[in-house]
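Reader: I am new to this one and would like to walk through it with you. Could you show it to me before we start?

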Amino acid sequence: MSVPTLRQRIKFCAIICSVAPAIVFLRLFYLQTIKHENLSRTASKSFDRLVSETGPRGRIFDAQGDLLAESIVTWDCGLMKKELAHPSRDLDALASTLKVPRKTLGDRYARAKNYMPVKKGLDRAEYEKLKELNLRGVTLDARQSRYYPSGSLARGLLGVAGEKGGLSGLELLYDKVLAGTVSKREVVRDAAGRIIYGDTLKDGGRPMDLHLTLDKRIQFFAQESVKKYTESTRARQGIVIVQDPRNGNILAMASWPENLNQVVPVEWVYEPGSTFKAITFAAALDTEKTSPSETFFCENGKWQFAPRVTIGDHEPDGTLTLSQVLERSSNIGTAKLGIQLGLQDFYRYAKAFGFGTRTGLGFYGESSGIMRPASKYKPVDLAVGSYGHGLAATPIQVVNAYSAIANGGLLMEPRLVARVADPSRNAAREEKPTVIRRAAGEKAIKTLKRMLRAVVTRGTGKTADVAGYSIAGKTGTSKTIDEYGKYVSGKNVASFAGFFPLDDPLYTILVIIDQPRAFNYGSETAAPAFREIASRIITATGLPPDVDAGGRPNN
Amino acid sequence: MQRRARNSALKVLLGVSALCFLYAWQGVEATRTGYEIEKLRREMRDIEHSNDYLRKDISIALSPASLEAKAQKLGMAYPEPDRVVQLGPQRGETGQSFWLARFFKRGNGRSM
C-alpha cells in the first residue's frame, strides 16, 4: 500500500470516529448555551428553596440583670408511619425514651394515615437520646419555646407567650419589642434533600431585650409572704406591691393564687378603707383646715350622722387629737375631718393622689378605679369617703399614693421597665422616672409622716413594726364589693400600706388580704405580712437600723 | 509547516481541555465546599443550643426558689434584722477611716 493511500484511510477513520463525539459536543453546546436559561429555571424550581426561620423572642431581665424570661430551642417529635422500618420495636423505643405511654402511642399510630405527632417541646436531653436511636421515619422539628428560669417568680406579671406572640402581662404589652424577627435564607438542595448552598437574604437580627425595675429577691420575698398569709388565713386572694418611692420603680408585684391571664394588682378594684384616711389627712393639713393640735370628739364610738346613717368605730373613743384619730383609726374622727375639709378639696386631693385615674403602666386591663363625679356626692358620701368607703381603687393606685406621701408629696409615674436594650447591651431606650404632679406640700406631708409613724408605734399598726427601723404606715379593713359594686356581707378586705425608713424612704409596701376567714382586720393579717417582707428586705439589702430601742433616731 | 500547524492546533486543544477541566472541577469543589459549610453551620447551631441549655441550667440553679430549697436542706433560715451585725459606718456616724482608705474611696463613699 502506498503512503498517500494509508494517510487517506487514517483520515477517513478519524472522520468516522469523530462523528459521535461531535454529535455529543454539539448537543452539549445546544443545552449549555442555547437552552441554558430555560433549563436553569426549571432546575431552580426543583432545587432552590426559600426558607424562613423565626428567631428567638427578646429576653426579660430584672433590675440586677438576672434573667427572668428567655427563648430556647425545643423540638417537636413526629413520625412518618410509612417510613418506619420496625413499627412495634420503634414505638417501644420512642415510648421509653420520651416517657410517653405505649398504649397512647399505639392508639395514635393505629388511627394515623401517615404523619403522627409523638411529643411536643422536647428538651436537649430528650433530643439527643432520640438522635442516638437513629430511627428512620422519626422527624424532629426545631422551634422557639419560652422558658422562665426562676419558675413561678413574677409569672403573673411576665404573663404568657405562645407561638404567635405574647398572650398576657408584659409578654403581651411589649410584644412588638420582644417578638422574634424572621430571617430568610435561599438554599439549594440536592436530590437527597441535603443543602448544598445557602445564602442569607434577610438577617432578622436579635429582637430587643427588656430590663425591668423588678428586684428578683424582693419579688421572691413578696411572693412567699403573700402565699403564706393568704393560705394561713384561708383568704380568697392576696396581693403585695413593693415600690421605690423616690422614682416610682416597682420592685415587686405579686398576687396569690397565681393568675397568668390577668395582672391582678392593676386590674382588681377594692375599697381602700382606712388606708385612704392618710389622703384625707394630707388634704386637711395641706389646706390648713386642721392642725396637729386640733381635737375631735369621737362620739364614744357611735355617731348618728343622718336619720338612717350611723357611723361607727371599732373602739368607743371620746376626744382624740388629730394624730390619735389616725393612730386609733377612728372613722368618726376622720368623717368629721372630711366634712371640715369640704367636698371640693376632698375630691381635688383624691384626684391629685392618683385615684380615679389609670397609673399609665399601660396594661390593657388596667382599671381606673371607681370615683363618682363630685356632682353626685351627697354629704354622707363625703363623710364615708373620708375613711375610704364609697370609692374603689386598684392596689397600684394605693401604693403609688403612699409613695407620694413617703417621698414628700410628689406623685410619681409607676415604672416597670427601666430600659429597652439591644443584645449588645447598648441602651436603645431609657425609661426615665416621671413626676406626674405635686400632690401635697412638703410641710403637710412631713406632719402626716410623723402621724403614720405613730400609727405603728402606738396605734393599730404595731404588728407591722420592725425593731430598729422607722416603719410608718396605716392599716385598713373594708367591706368586699362584688362585680356589681354591692357590699358582700361578712366579707372583708384587710390591708396595710406603709414605707420605711421614715426620713428617707426607700421602700413602700402594700399588702392586701382579700376575704380572710381567720382574722379579719388589717392589723391581724396584712400588717404581719408587711413586717415579714420589710424584715427580709432589710436583711437582704443590709439596710442599717435608723432608730434605737426607744424608737429615737440613731443620729 | 504542516507539523507546526498541527502542533499549534494540539496546543490549543490541550489549552481548551484544561480550561474545561478546571471549570468542571470548580463546580464539583463548590458543591463539596457547600456541603462542608452547611455541616459546619449545623454543628455551630448545635453547639449554640447546647450552650443555651447550659445557661438555662445555671439560671435555674441560681433561682431564688432553688437556692432557698438548698438552704433549707442545710438547715439555714432567714435571719431577723436584729440578728444581723452591720460592719462599717452606721447611718449617722461620721465614718472616720484611714487617709489611705479615704484616698481610694469613690465620691459616693463606697470603696473600690
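Reader: By class, how many nonpolar, polar and charged residues does the lining of the second largest pocket have?

Author: Happy to help, and please keep in mind that this is a predicted model. The second largest pocket has a volume of about 800 Å³, and 33 residues line it. Sorted by class, that lining comes to 7 nonpolar, 17 polar and 9 charged residues.

Reader: Which residues of the lining are the closest to the centre of the second largest pocket?

Author: The second largest pocket is the one with a volume of about 800 Å³. Of its 33 lining residues, those closest to the centre are A:G312, A:N331, A:Y387, A:H389 and A:T477.

Reader: Which element gives the most to the lining of the second largest pocket?

Author: Four elements of chain A each supply at least two lining residues: β15 (309–312), α15 (379–386), β21 (472–481) and β22 (487–500). The top contribution is 6 residues, and the element that gives them is β21(A).

Reader: Where does β21 sit in its sheet, and which strand is at the other edge?

Author: The sheet is open, has 5 strands with antiparallel pairing, and follows the order β12-β11-β23-β22-β21 in chain A. β21 pairs on one side only, as an edge strand does, and the other edge strand is β12 (250–256) of chain A.

Reader: What is the bridge partner of A:G476 in β22(A)?

Author: β21(A) and β22(A) run antiparallel and are joined by 10 bridges. For A:G476, the partner in β22(A) is A:S495.

Reader: At about what angle does helix α17 run to β21(A)?

Author: Helix α17 covers residues 442–457 of chain A and lies across both β21 and β22. Its angle to β21(A) is about 75 degrees.

Reader: β15 also came up at the pocket; how many residues lie between β14(A) and β15(A) in their hairpin?

Author: β14 of chain A spans residues 302–306 and is joined to β15(A) by 4 bridges, with the two strands running antiparallel. One bridge pairs A:W303 with A:I311 in β15(A). The hairpin that these strands form has, between them, 2 residues.

Reader: And chain B: what percentage of its residues count as buried?

Author: Chain B has 3 helices and 0 strands, so to speak an α-α-α run from the N terminus on. Buried here means under 20% relative accessible area. Of the 112 residues of chain B, the share that counts as buried is 11%.

Conventions: Residues numbered from 1 in each chain as written. Chains lettered and ligands numbered in written order. Predicted model: local features only at pLDDT ≥ 70, side-chain atom pairs only at ≥ 80, totals over all residues. Heavy atoms only, no water. 1 Å grid on protein atoms, 1.4 Å probe; cavity = no way out; pocket = protein on both sides within 12 Å on 5 of 7 lines; lining within 4 Å. Points joined across faces, edges and corners; volume = space filled by probe spheres on them. Nonpolar A, V, L, I, M, F, W, Y, C, P; charged D, E, K, R; others polar. Pairing = 2+ DSSP bridges. Contact = heavy atoms within 4.5 Å. Axes fitted to C-alpha atoms, helices over the stretch in contact; angles between N-to-C directions. Buried < 20%, exposed > 50% of the residue type's maximum accessible area, 1.4 Å probe, protein only.
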